[in-house]
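Before reading this briefing, take a moment to look over the chain and its fold. The points that follow begin with a single residue and then widen to the whole chain.

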Amino acid sequence: MKVIVYTKNIIENIEKAQSFVNVPISLMFKDFYEDIYEHISDKIRNKIFGLHLKDSICYSIGKAVKGNSGAVVTSFADVWKYLTINGNACQGIHNFYIPINACDNREGLSIYEASKLVNEIRILSSSHIYGLITSGCLNENHPSEKELFRIWNGLRNDIESISLGGSFWLGQNSKLPSFISDVRIGEYMLFGTIPYCVDKEKQGLNGIELQAKVIGIYPERNQLIIDCGYSMADMYKCRIYYHTDLKYEYSSSEYSIMQCEHVSDYRIGDVIYIVPDYKSLVKLKYAEHEYR
């Protein structure tokens with residue numbers, strides 16, 4: 001099994017995403033697919049959110065390093081540890097992002113807590129401070145425009161703007177308020193998909209596929225075995241394309257069994273093309289990658 005990354009498709013998705021919103025697009029590189037960045041960095045000029053990438057906004061201040069230009073913070077204790085190392089001001093971090101709870105109670109601080117944290121940071125630093133919202137990227141409980149204005153009105157004297165995630169926001173057909181600094185995308189960048197959006201014209205291109213090989217054929221059971229099991233990807237959530245006659249049936253750690261209507265059409269060594277789901281990328285981090 002091998003992971004194929006189509007860098008051209010990823011670049012096109014970034015450019016297409018920018019056409020959907022009236023604010024800049026920022027790119028979220030989680031650590032399990034940060035390697036992709038080095039293969040496209042010379043073709044993009046977007047703000048980057050990442051754990052280890054130079055000049056990126058680190059999404060965990062506890063892991064921030066000198067090379068990061070900013071960090072996400074949720075408590076004064078974390079800020080204090082970072083800003084008062086050896087009694088010196090922070091080395092490189094000059095942008096702080098405070099996550100705001102917006103409708104889904106999944107993560108982030110209340111408006112009161114965020115305002116309090118801003119005031120505490122101001123005691124130690126003159127850095128820029130922004131809000132950050134992620135509601136909507138994992139569920140439908142996204143803030144309405146009215147809710148966005150409520151959050152902004154409660155924090156406008158404390159923060160400079162609000163960064164909005166994720167790809168969900170690309171599917172909306174209205175302009176974002178002027179206090180939204182950017183829309184962060186990850187899923188759309190990689191797969192061209194927008195949660196809770198059925199507008200096919202807005203869908204992008206798939207940028208990552210798995211190429212699994214047929215390692216077993218059982219005509220009497222109408223089954224194939226491919227060399228990709230649950231230790232490599234969540235196969236029951238992945239999508240098989242081109243091979244419309246294949247249906248996922250079962251996985252072991254090293255292989256998966258596929259039900260097949262036309263098993264006689266396949267041979268040992270044939271390649272099966274699979275689109276992984278977003279969460280499978282965690283398991284695929286250490287798999288063989290080929291960039292095209």
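Lys2 is partly exposed, because its relative accessible area of 22% falls between the limit for buried residues, under 20%, and the limit for exposed residues, over 50%. This residue belongs to a predicted model, and its side chain takes part in a salt bridge with the side chain of Glu290, at 2.8 Å from N to O.

**The pair Glu290 and Lys2**

- Lys2 sits in strand β1, which covers residues 2-5, while Glu290 sits in strand β16, which covers residues 289-291, so the salt bridge ties together parts of the chain that are 288 residues apart in sequence.
- Glu290, like its partner, counts as partly exposed, and its relative accessible area is 25%.

**A network of salt bridges**

- Glu290 also meets a second partner, since a salt bridge joins its side chain to that of Arg292, with 2.7 Å from N to O.
- Arg292 is partly exposed as well, at a relative accessibility of 44%.
- Taken together, Lys2, Glu290 and Arg292 are linked in a network of salt bridges.

**Another salt bridge**

- The structure holds seven salt bridges, and one of them is formed by the side chains of Lys43 and Asp42, at 3.4 Å from N to O.
- Is Asp42 buried or exposed? Asp42 is exposed, with a relative accessible area of 53%.

**Charges across the chain**

- The chain carries 31 positive and 35 negative side chains.
- How far apart do the centres of the two sets lie? The centre of the positive set and the centre of the negative set lie 4 Å apart.

**Fold and extent**

- The secondary structure of the chain is made up of seven helices and 16 strands, and the strands β1 and β16 named above are among them.
- Measured out along its principal axes, the C-alpha trace spans about 75 × 45 × 35 Å.
- Of the contacts between residues at least 6 apart in sequence, 63% join residues that are at least 24 apart.

**Burial and surface**

- The chain has 292 residues, and 51% of them count as buried.
- The accessible surface of the chain amounts to about 14,500 Å², and carbon and sulfur atoms account for 50% of that surface.

Key:
Residues numbered from 1 in each chain as written. Predicted model: local features only at pLDDT ≥ 70, side-chain atom pairs only at ≥ 80, totals over all residues. Heavy atoms only, no water. Helix = DSSP H or I, 4+ residues; strand = E, 2+ residues; numbered from the N terminus. Buried < 20%, exposed > 50% of the residue type's maximum accessible area, 1.4 Å probe, protein only. Contact = heavy atoms within 4.5 Å. Areas by Shrake-Rupley, 256 points an atom, 1.4 Å probe, with all protein chains shown as cover. Lys, Arg positive; Asp, Glu negative; His and termini not counted. Charge placed at Lys NZ, Arg CZ, Asp CG, Glu CD. Salt bridge = Lys/Arg side-chain N within 4 Å of Asp/Glu carboxyl O.
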